[in-house]
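Open the model in your viewer and keep the sequence panel visible. The stops below are meant to be selected in order.

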Amino acid sequence: MKNAFLNEVETKKALADFILNAPRLSMDIKCLEFEKKFSLFQKRKEAILFNSGGSANLAIMQALKNLGRLKDKDKVGFSALTWSTNVMPILQLGFEPVAVDCSVKTLNVMVESLDRVHKKEKLKAFFLTNVLGLVGDLNLIKEYCEKENIILIEDNCEALGTEIPSGKAGNFSVASSFSFFVAHHMSTIEGGMVCTDDTELAIMLRIVRANGWDRNLTSHQQIDIRRKYDISNEFEAKYTFYDLGYNLRPTEITGFLGTYQLQFLDENIKTREKNFLHFEEIIKTNPDFLPVEHSHISLLSSFAIPIVCKTPELREKYIAQFTGGGIEIRPMIAGNIQRQPFYHKYVKNRMELPETEFLHFNSFYCGNYPELTEIEIEAISSCLTNY
């Protein structure tokens with residue numbers, strides 16, 4: 001991203017005015033407003049705002065453990081092509097991480113890969129990453145997890161707005177996380193969200209977010225939990241901590257920016273899809289590349305442009321081509337996460353991941369955002385050409 005926000009000048013002016021006039025800047029009514037509006041956009045019952053997408057991931061895992069749905073040493077599968085904050089909470093909370101291979105065709109876990117791993121490892125949960133705005137066969141994965149009693153969680157930080165005919169990405173799981181870091185579909189500078197239809201889980205997520213206390217629950221929820229633990233008055237409740245938690249709270253700045261940026265999101269997504277389809281036409285004409293399959297996706301909210309080369313040598317060629325053209329590029333997320341130093345340090349068990357290995361050595365991506373100019377689009381297009 002070139003800017004921190006879409007419509008940057010307008011947004012910064014609005015933010016400055018908000019800060020000058022806000023009665024308080026710690027978590028308050030603007031955060032609640034953003035939660036309500038985001039849950040309506042996502043079409044889920046509950047939305048819980050956090051200070052980052054990584055915190056949202058950590059909170060989901062902690063909340064599931066607090067509720068007893070996951071226990072120490074339970075095996076938790078995860079998409080092998082992912083980001084560190086999908087895997088680290090699995091380790092930090094005492095679960096056993098199990099990598100699941102991602103398809104070269106879709107960049108995502110498909111139900112066949114999940115089935116192969118589950119038959120061998122007997123997973124208790126599966127933390128799925130929807131990669132770069134693309135998704136696997138989410139409807140089949142959901143059905144499989146329900147049949148096998150696997151708790152399905154989605155990291156939807158890179159796929160805000162993507163849809164398949166049976167629903168929005170992020171709505172196939174017990175809970176899904178979103179990120180509003182600067183480089184994502186919408187920015188609150190730092191920020192994250194969890195969406196769920198599970199009221200019990202939403203209550204625990206709010207407890208986890210704020211040190212383990214009940215201050216951000218509804219009055220009815222507060223009454224229920226205080227009765228359960230025999231807390232007789234408001235004074236004692238102020239410093240009563242019901243379960244394990246952290247301080248993962250956002251600020252009113254996060255809430256204001258999220259609410260403000262939501263107004264641009266629909267057009268943002270349309271432009272990202274248009275850009276993706278333009279670049280895809282060039283990729284399809286270049287025999288050095290493998291196009292990504294997305295015919296099962298009805299609305300593609302592209303996070304970035306994935307470039308999958310047929311060989312590592314071709315990857316080096318196009319990395320040089322992009323770098324020489326002055327265009328920033330990145331590895332394909334963290335590649336095969338089993339190759340990361342932290343994974344080597346803490347995890348002994350290794351899974352065979354042939355397709356993720358291919359993506360690790362053969363792919364990279366470049367940015368896709370709504371404010372790309374025609375000249376910039378032409379420069380990227382030129383770098384995708386086989387000279």
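The tour goes from a sheet to two helices, then a cavity and a ring pair.

This is a predicted model, in which local features need pLDDT of at least 70 and side-chain atom pairs count only at pLDDT 80 or more, while totals for chains, interfaces and linings use all residues. Residues are numbered from 1 along each chain as its sequence is written, and side-chain values use heavy atoms, with hydrogens and water left out.

**Stop 1: the sheet**

Select the strands E1-E9-E8-E5-E4-E2-E3, which in that order form an open sheet of 7 strands with mixed pairing. Helices (H or I, at least four residues) and strands (E, at least two) are DSSP runs, numbered from the N terminus; two strands pair if DSSP finds at least two bridges between them. Strand E1 (46-50) and strand E3 (96-100) stand at the edges with a single partner strand each, so one side of each has no neighbour in the sheet. On average, neighbouring strands are turned by 20° against each other, direction ignored.

Now select E1 with strand E9 (residues 192-196): the two pair in the antiparallel sense over 5 bridges. Ala-47 has Cys-195 in E9 as its bridge partner.

**Stop 2: helices on the sheet**

Add helix H5 (residues 111-121), which packs on the sheet and touches strand E2 (75-79), E3 and strand E4 (125-129). Contact means heavy atoms within 4.5 Å. The direction of H5 makes about 145° with that of E3; axes are lines fitted to C-alpha atoms, for helices over the stretch in contact, and angles run from 0 to 180 degrees between N-to-C directions.

Next add helix H7 (residues 199-209), which also packs on the sheet, touching E1, strand E8 (175-179) and E9. The direction of H7 makes about 15° with that of E1.

**Stop 3: the lining of a cavity**

Select Phe-276, Glu-280, Ile-283, Leu-290, Pro-291, Val-292, Ile-305, Pro-306, Ile-307 and Val-308, which line the largest cavity. A cavity is a set of points on a 1 Å grid over the protein atoms alone where a 1.4 Å probe fits but cannot get out, and lining residues have an atom within 4 Å of a point. Helix H11 (265-285) and strand E10 (304-308) are the elements that give two or more residues to this lining. E10 gives the most, with 4 residues.

**Stop 4: a ring pair**

Finish with Phe-38 and Phe-41, which are 3 residues apart in helix H2 (residues 29-42), separated by about one helical turn.

How values were computed
1 Å grid on protein atoms, 1.4 Å probe; cavity = no way out; pocket = protein on both sides within 12 Å on 5 of 7 lines; lining within 4 Å.
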